[in-house]
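Me: Could you take a close look with me at a single part of this model? I would enjoy one connected walk through it.

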Amino acid sequence: MTGHSVEKIGGTSMAATATLFDNVLIAGRSGADLYRRIFVVSAYAGMTDLLLENKKSGAPGVYGRFVVDEDMDGWRDAMEDVRRAMHERNAGMFARPESRDEADAFVDARIATVAACLEDLARLRAHGRFCVKEQLMTVRELLAGIGEAHSAHSTALLLRDRDVNARFVDLTLWDQDDLRSLDARIGDAFAAIDLATTLPIVTGYAGCEGGMVRRYARGYTEMTFSRLAVLTGAREAIIHKEFHLSSADPKLVGEDKARKIGRTNYDVADQLANLGMEAIHPGAGRGLRQTDIPLRVRNTFDREDGGTLVTGNYVSDVPRVEIVTGIRQMQALTFFEQDMVGVKGYDAAILDALTRHRIWIVSKSSNANTITHYLSASADAVKKVIADLQKAYPEAAISAQPVAMVAAIGSDISRPGLVPDALRALEDAGIGMIAMQHQIRNVDIQFIVDSRDFDAAVRVLHKALVEDVDAAAEGRRAA
């Protein structure tokens, strides 16, 4: 397989079906131009929330209700909500009644199969002597796969209704127990597919050893996408999102002030992933970077724009900040111990506690007797870490406080005067800086501020480090 692209479509883009066909799947192509592309699809927006839990609010879906089991019919009602939502989605997409009936029957079969598994587990749990806790992750995996199976199957049907030779490639293994590696699963699925004449529509979820949800949480679709690109030797990997990869959140700084980045590198993509921005999962980016496959991030709703190209060796011609972003709510865990100076073991103990409680470390700093970790975690989760550490180090002063982090990121931010400009902008805006970190690699600078100052800090730093610098450069060119 050579000369083809592997393209991933996000859930919001999937939900905008008409635009997706006009701007991405068909986009004016015909004949041979329709092929030599592989599409990995996410579930339609909101479907995985109904199946697992709401990603933002945490409201339980089928999985959450099955785990709690307070209401015996809770998970069954939630499953019917999923069926209803998928049928409604099909009704809004299919013009041909025969295709809609086929899509609905597919959904019904998948839901019935998984529901039967849950019924069996529920009966075992009712006896009291059986512990089904170890099976809950398998339940989560089965439920996750329904969303992508629905979207991939429906998309392939819609393409065939438009006379495109599309093939539904089901990696979910919903009815198999022979779990192989993800690479082996992909190899089997694509062994007999001719990309010159076939347009594969692939489920973002793949049933494989170790479990996709267990290993990658909600980033599993991007892992499937990345491995497909690597294993098939794609010329380019493309992610279609509902927005451009921009210099800041347009909702914060204004759509007229945010700039499309255009070019950057995988170091920047890693920093964005570390801050929770959905550019690409760090594990997925690693595979593309190691095999020199460029990544392009495109806006589904801007058909003519080429998007932002991410490569391994790109460095900006002129040192500059490419994006200002951050985390609005995080916890700063501070560990102070007077006897720490010259003694090893403290850092390892803290990392062990954070790992044990599955806390995401965004950044850390230390001096002679203090270690501070900036954590993407709730206050309650960090309290448990503090309790563990306090038992091990009763003389230590251990505390946590809510903070926000605003980062200025770029492929090369070594511009002289950048830090003074940033500090002056924060001071002029009356924003107090709690801490700052500037890494040697000149990829990012992190400013720790009060959570209530997050929005204002993003705006003033974007103006000082992106807007004003661009305006000055335009002035020099005009002169």
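Which residues lie on one side of β4 and which on the other, and are they buried or exposed?

Reply: Happy to. A word on the basis comes before the strand itself. This is a predicted model, where local features need pLDDT of at least 70 and side-chain atom pairs count only at pLDDT 80 or more, while totals for chains, interfaces and linings use all residues. Residues are numbered from 1 along each chain as its sequence is written, and side-chain values use heavy atoms, with hydrogens and water left out.

Strand β4 spans residues 199-203; strands here are DSSP runs of E with at least two residues, and they are numbered from the N terminus. L199, I201 and T203 sit on one side of β4, P200 and V202 on the other, and all of them are buried. Buried means under 20% relative accessible area, exposed means over 50%, and partly exposed is in between, with a 1.4 Å probe and protein chains only. The split into two sets follows a general pattern: in a regular strand the side chains alternate between the two faces of the sheet. For β4 as a whole, 5 of its 5 residues are buried, so the strand is mostly covered by the definition of that term.

Now for the neighbours in the sheet. Two strands pair if DSSP finds at least two bridges between them. β2, residues 37-41, pairs with β4 in the parallel sense over 3 bridges, and within that pairing F39 stands opposite I201. β3, residues 166-169, also runs parallel to β4, and 4 bridges join the two. There, A166 has L199 as its bridge partner. I201 and L199, the partners just named, both belong to the set on one side of β4.

Since you work with charges, here is a look beyond the strand. A salt bridge is a side-chain nitrogen of Lys or Arg within 4 Å of a carboxyl oxygen of Asp or Glu, and by this rule the count comes to 30. One of them links R415 and D421, at 3.1 Å from N to O. R415 is buried at 19% relative accessible area, whereas D421 is partly exposed at 25%. Salt bridges with shared partners also join D73, R76 and E119 into one network. Within it, the closest N and O atoms of R76 and D73 are 3.5 Å apart; R76 is partly exposed at 23%, and D73 is partly exposed at 40%.
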